[in-house]
Structures are given as structure tokens and as C-alpha cells.
Amino acid sequence: MKEEDIIEVYRLQAPVWEFKYGDLLGHLKIMHDAVGFKSSLTGKNYTMEWYELFQLGNCTFPHLRPGMDAPFWCNQGAACFYEGIDDAHWKENGTLVLVTKISGTMFNEMAKWVMYDNETGIYYETWTVQASPEKKSVVWFDSYECSKFILRTYQKLADLGATFNKIQTNYTSIILFSGEPIYLGNETSIFGPLGNKTLAAAIRDFYYPFKPHKTVREFFVDLLKIIDRVILNHQFYLFYNLEYWFLPMKFPYLKVVYEEVPLPVGSKTSSGV
């Protein structure tokens, strides 16, 4: 952007999979977040978002391939920047609201940071894992998904001098509740030639019911298997940063929360706007 430009920054939020299910997941507060920009000099709009490159299900659970021991993960994520803001998409069932204005100089500094962030954080992680539902509970693993990218972007803009409007901002987290996780190893140590065949079989067996289903009957049969393992037997195998962990699950096992995270305050005085 030209340094003298004034860029409007918009908070964008809509239900996950709205293109397929409309506002259904919005009622469950399972939301996707993005950020929009509008150039005052050119009038052009832009959208920036960070999301899974191979759809949410493929990032959350692996594919089990015949004849291959190790599960196959498609869990990469990346920031995408493109021209235009689909107003109808964000307004109809979600949010499109102005949060701040920045200079072209600040935008260009943010763009450099986005490139750096995109090259250093490449894996999408759906789950947050906590010890309990209490607010100050130990967080064993933090999620790494669209809302975390937007929060990092807002913080970078604040550090560059952006002053945000006073509005409420909420974000979705999908939380698993677990006792202290147990480290199991990586793909090589578990599934390699010298790996633990018993553990490898247990991990494959755990992930099998999460596969895509062709019939309603298959879905409900596998759902019962999931309930048996996660709730009745308190078991969950987590793949995080290329390593496997065992989670001794605890009540209430899983929860979707839609909590307020205030817009940030920067570490330097605003300038350039």
C-alpha cells in the first residue's frame, strides 16, 4: 500500500462450513474468523484469513491407508490474502465490523510480519487441551487455528500503533479435558521398523472410527466406538507438532466455548493515522 493511504480494518466472522450448512454451526458458536481491509486511496477491499489447507476434518484426524502403518496427516495451515470482501457471506450469519484504521506504512509492516508468521507456523491444530473447565486451569496444549492468527494479527497492528474501537470480540475454542498428557513418541519411534507395534496398532484403532462415513448406520456404529473410548475408557490420542501424546480424558471431556477476548492494546504510541 502507499504510505499515505488510510486502511480501514474490519473484523470478519461467520459460521464454519457456512457454504455447506448455512448458519447451522453458528447456533453452536463454531465460528471462522478473518480480517478485512479497505484502501481509502483506491477503494479496493481485501480479505486475509488463516485456515486449514485440506479442510477441517483432514486436519483434525488422519487418513489410514491400506498397507501403511503410520496415519497420514493433511494438517497444514496457511494465511491467504486476496482481493475483495464477500459482504453477504460475513453479514448474513456473522460479523463485518470496523475495528480500526491504519496507515499504509503500518499495513506494509504488518504484511512483512504475515510472511514471517506464515513460514514459521505451518500446522493447523484444532484442539485446546486443558486440565479442567476452570478459568485458570492448566493448558496442556493450545490450539493453532484461524482465530489465533487473527488475534496475532490484531496484536501486531496494536504494536505498530493501531488504536482499536471499543467493541466486544468473541472467539471459538474446542476444548478437550485431560489429566497430565503422556508423551508417546513420533512417527518413526512408534511406526518405524524398530517401533512399538502394540502402541501403533492402538493409535490406528483409535483413529479408525473418525473416518469419513458413507452410510448413516456406519456413522452411528463408529460414534458408539468413539463414546466408548473417549468417555467410558477415558482415552484420546493427540497428534501435536509431529508427536503423539496420550490424553487421560476427564469429565466433561469436550466443550465448545465462545469466549470474549478483548481487542489488544499496543506496546507503542499510535502514529501515522
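Contact here means heavy atoms within 4.5 Å. I'll need that for the helices later on. What you have in front of you is a predicted model.

Overall figures to begin with. The chain has 273 residues, and 44% of them count as buried. Its C-alpha trace spans about 65 × 40 × 40 Å along the principal axes. The exposed area comes to about 14,800 Å², with carbon and sulfur atoms supplying 57% of that. In secondary structure, we have 9 helices and 11 strands. If you take the contacts with a separation of 6 or more, residues 24 or more positions apart account for 73% of them.

Now the sheet. In what order do the 5 strands of the open sheet sit? The order is β4-β3-β2-β1-β5, with antiparallel pairing. In general, strands of a sheet pair through backbone hydrogen bonds, and the pairing can be parallel or antiparallel. The edges are β4, residues 77-83, and β5, each of which pairs on one side only. On average, neighbouring strands in this sheet are turned by 20° against each other, ignoring direction. Looking at one pair in detail, β1 and β5 run antiparallel and are joined by 8 bridges. Within that pair, Glu-8 has Lys-101 of β5 as its bridge partner.

Next, the helices on this sheet, which is where the contact cut-off comes in. α5 lies across β1, β2, β3, β4 and β5, and runs at about 110° to β5. α6 also lies across β1, β2, β3, β4 and β5, and its angle to β2 is about 35°.

That brings me to the packing. The largest nonpolar core contains 30 residues. Phe-37, Ile-102, Met-110, Phe-149, Tyr-154 and Phe-164 have the most contacts inside it. Which elements each supply at least two residues of this core? From the strands, they are β1 (6-15), β2 (31-39), β3 (45-52) and β5 (95-103). From the helices, they are α3 (56-60), α5 (104-120) and α6 (146-160). The biggest contribution is from α6, which gives 6 residues.

There is another core, apart from this one, with 26 residues. Phe-61, Val-129, Phe-141 and Leu-199 are among its members.

To recap: an open sheet of 5 antiparallel strands, with α5 lying across them and α6 lying across them as well. Both of those helices supply residues to the core of 30, and a core of 26 residues lies apart from it.

Key:
Residues numbered from 1 in each chain as written. Predicted model: local features only at pLDDT ≥ 70, side-chain atom pairs only at ≥ 80, totals over all residues. Heavy atoms only, no water. Core = buried A, V, L, I, M, F, W, Y, C linked by side-chain atoms within 4.5 Å. Buried < 20%, exposed > 50% of the residue type's maximum accessible area, 1.4 Å probe, protein only. Helix = DSSP H or I, 4+ residues; strand = E, 2+ residues; numbered from the N terminus. Pairing = 2+ DSSP bridges. Axes fitted to C-alpha atoms, helices over the stretch in contact; angles between N-to-C directions. Areas by Shrake-Rupley, 256 points an atom, 1.4 Å probe, with all protein chains shown as cover.
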